[in-house]
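Work through the exercises below with the sequence and the model at hand. Each task is followed by a stepwise solution.

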Amino acid sequence: MNDPNGPMIYNGIYHFFYQYYPNDAVWHTQIVWGHSTSTDLINWTHQPIVLIPSESYDINGCWSGSATILPGNKPAILYTGIDSQEYQVQNMALPKNLSDPYLKEWVKVPQNPLMVGTPSNDNINASEFRDPSTAWQLPDGKWRVIVGTQHYKRGLAVIFTSDDFITWSNTEHPLHSAEGTGIWECPDFFPVYVGKSLGADTSVIGKDVKHVLKVSLWETQYEYYTIGTYDIDKDIYIPDEGSIESDLGLRYDYGKFYASKSFFDDVTNRRILWGWVNESSTQTDDIKKGWSGLQAIPRTIVLDKSGKQLVQWPLKEVESLRENPVQLISQVIGGGSLIEVSGVTASQADVEVSLKVPKLKNVEELDPTWTNPQILCSRKGASIDGKLGPFGLLTLASMGLEEYTAVFFRIFKSSSKYVVLMCSDQSRSSLNPTTDKLSFGTFVDVDPVNDELSLRILIDHSIVESFGANGNSCITARVYPTLATNDKAKLYVFNNGTVDVKITKLSAWSMKKAQFNLPTIMASHTNKVDKEEL
């Protein structure tokens, strides 16, 4: 399993499509679209495969895409097909039976391919032209969609327009582009309300919204988002000053989180984000265990009060899995101390902790060259003693601490302010020598003088999702401990700094397993559909 595709809600049922190769635990060009449905986004039923390579325009793979709800409550899928010449083209499929609440069968329209790259178009590289976004409609009545591509090393989100969702025309200019970024994959473009903690439909425009453009960069395997203004008259997107698509830019998640896709839930007025969490294990290990890749817990996303970044939080529905709550009383944890959080199933848990530094003294100076938080976290891991930090949680820890995945903060002092570093340290996550043990990190926009430092961590055996500062910063890790498994896993609060830290609040819950039905590997029909069915 890899990229999330076309998440949507249709007649009260959530649909989740995804890149899937049913014959092996490794990626293959002959990728198909898997499909699952849910009424609560937590418990899922696997449905038949909906798209398989079958036509000249997708015979070499049905790659990523998105879903759009058309007028009359009719869903449509736009997806990338790899054609018989290995070019990437954009196609459409529609439900065979709209009265089927589970939309088990989809059919490809006879007009496919709908969007192609041509040698005369300098903006589109036909060999790297993929992942159409959810479409939006402006007051002029035209539909718009963006597709990722590159021109030499310039990444682009090229924009296509249509009156009928069948005949598409490429505009003279891209929605946005950036030099030196390489191909843009899985572009996502959507509005966010200013001053409201609500999601917005993809077609919403107005003075009370800003726009977000997210792109996944193939060359780095990270994704970045910018916040800015959509000029609907010129059909261009202008990022706010300082909002960039590079290593210094904003990311949804600073760990293993890629090819993300959001959708608007019009029932609960939320914008919900899905993201693929790839592996830290080798392909050989993946084949042995028989699977690879999973999806992070869906998150809500809203614009922060500052208007400068997004805030993410696990869906409220995930709390339905909580059981056997445990609380730790408010207490001071001295330098070099370790406190076990007992009574919780530490291999599958939900933990919330708030920490406060009573006295900001003896703060380590931030070297001006320490601009890359991931490198800084790798140099100053959880086992490296400091002054104000490292302090936080040791998750998936073994009895003798031979293994643990640490999520923690460090506080530094720059020339003008305090700087908070958040790290997810996998350097001791497993005794297996073949697993990837990268550390991840980010600087957190929080004031340690006046604010508590909060962490929420979702732990599920091989995945640790961390939300810092109430969702301002997120880091996802994949780990494969050999000792800290199932009931042998431990959870600790730790402080390896020299300055005392106060635990103001800690709540933890064991988590029940979500319910799901095992998939039935079968493909839907690939019938043609008449234009009149649109």
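Helices (H or I, at least four residues) and strands (E, at least two) are DSSP runs, numbered from the N terminus. This is a predicted model: local features need pLDDT of at least 70, side-chain atom pairs count only at pLDDT 80 or more, and totals for chains, interfaces and linings use all residues. Residues are numbered from 1 along each chain as its sequence is written, and side-chain values use heavy atoms, with hydrogens and water left out.

**Exercise 1. Describe the surroundings of Glu-403.**

Step 1. Place the residue. Glu-403 sits in the loop between E29 and strand E30 (405-413).

Step 2. Check burial and charge pairing. Buried means under 20% relative accessible area, exposed over 50%, partly exposed in between (1.4 Å probe, protein chains only). A salt bridge is a side-chain nitrogen of Lys or Arg within 4 Å of a carboxyl oxygen of Asp or Glu. Lys and Arg count as positive, Asp and Glu as negative; His and the chain ends are not counted. Glu-403 is buried but has no salt bridge. Lys-437, the nearest side chain of opposite charge, is 8.0 Å away.

Step 3. Look for polar contacts. These are pairs of N or O atoms within 3.5 Å; within protein, one must be able to donate a hydrogen and the other to accept it, and residues adjacent in sequence count only if both atoms are side-chain atoms. A polar atom of the Glu-403 side chain lies 2.8 Å from the backbone nitrogen of Leu-431. The Glu-403 side chain also reaches the backbone nitrogen of Ala-484, at 3.1 Å.

Step 4. List contacts (heavy atoms within 4.5 Å). Neighbours within four places in sequence are left aside; the partners of Glu-403 then include Leu-396, Arg-428, Pro-481 and Thr-482.

**Exercise 2. How many salt bridges does the whole structure hold, and which parts of the chain do they link?**

Step 1. Count. The search finds 28 salt bridges.

Step 2. Take Lys-108 and Asp-58. Their side chains meet at 2.6 Å, N to O. Lys-108 is in strand E8 (residues 106-108), Asp-58 in the loop between strand E4 (44-51) and strand E5 (62-70), 50 residues apart. Both Lys-108 and Asp-58 are buried.

Step 3. Take Glu-185 and Arg-130. This salt bridge spans 3.0 Å, N to O. Glu-185 lies in strand E15 (residues 184-193) and Arg-130 in strand E9 (residues 129-130), so the pair ties together parts 55 residues apart in sequence. Glu-185 and Arg-130 are both buried.

Step 4. Take Lys-380 and Glu-364. Their side chains form a salt bridge at 3.0 Å, N to O. Lys-380 is buried, as is Glu-364.

Step 5. Find a network. Shared salt-bridge partners join Lys-316, Glu-319, Arg-322, Asp-350, Glu-352 and Arg-456 into one network.

**Exercise 3. Which elements line the largest cavity?**

Step 1. Fix the terms. On a 1 Å grid over the protein atoms alone, a cavity is a set of points where a 1.4 Å probe fits but cannot get out. Lining residues have an atom within 4 Å of a point. Grid points are joined across faces, edges and corners, and a volume is the space filled by probe spheres set on the points.

Step 2. Count and size. There are three cavities of 30 Å³ or more. The largest cavity holds about 80 Å³.

Step 3. Read the lining. It has 14 residues; the closest to the centre of the largest cavity are Gly-65, Ser-66, Pro-132, Cys-186 and Lys-261. Strand E1 (4-10), E5, E15 and strand E19 (258-265) each supply at least two lining residues.

How values were computed: On a 1 Å grid over the protein atoms alone, a cavity is a set of points where a 1.4 Å probe fits but cannot get out, and a pocket is an open set with protein on both sides within 12 Å along at least five of seven lines; lining residues have an atom within 4 Å of a point.
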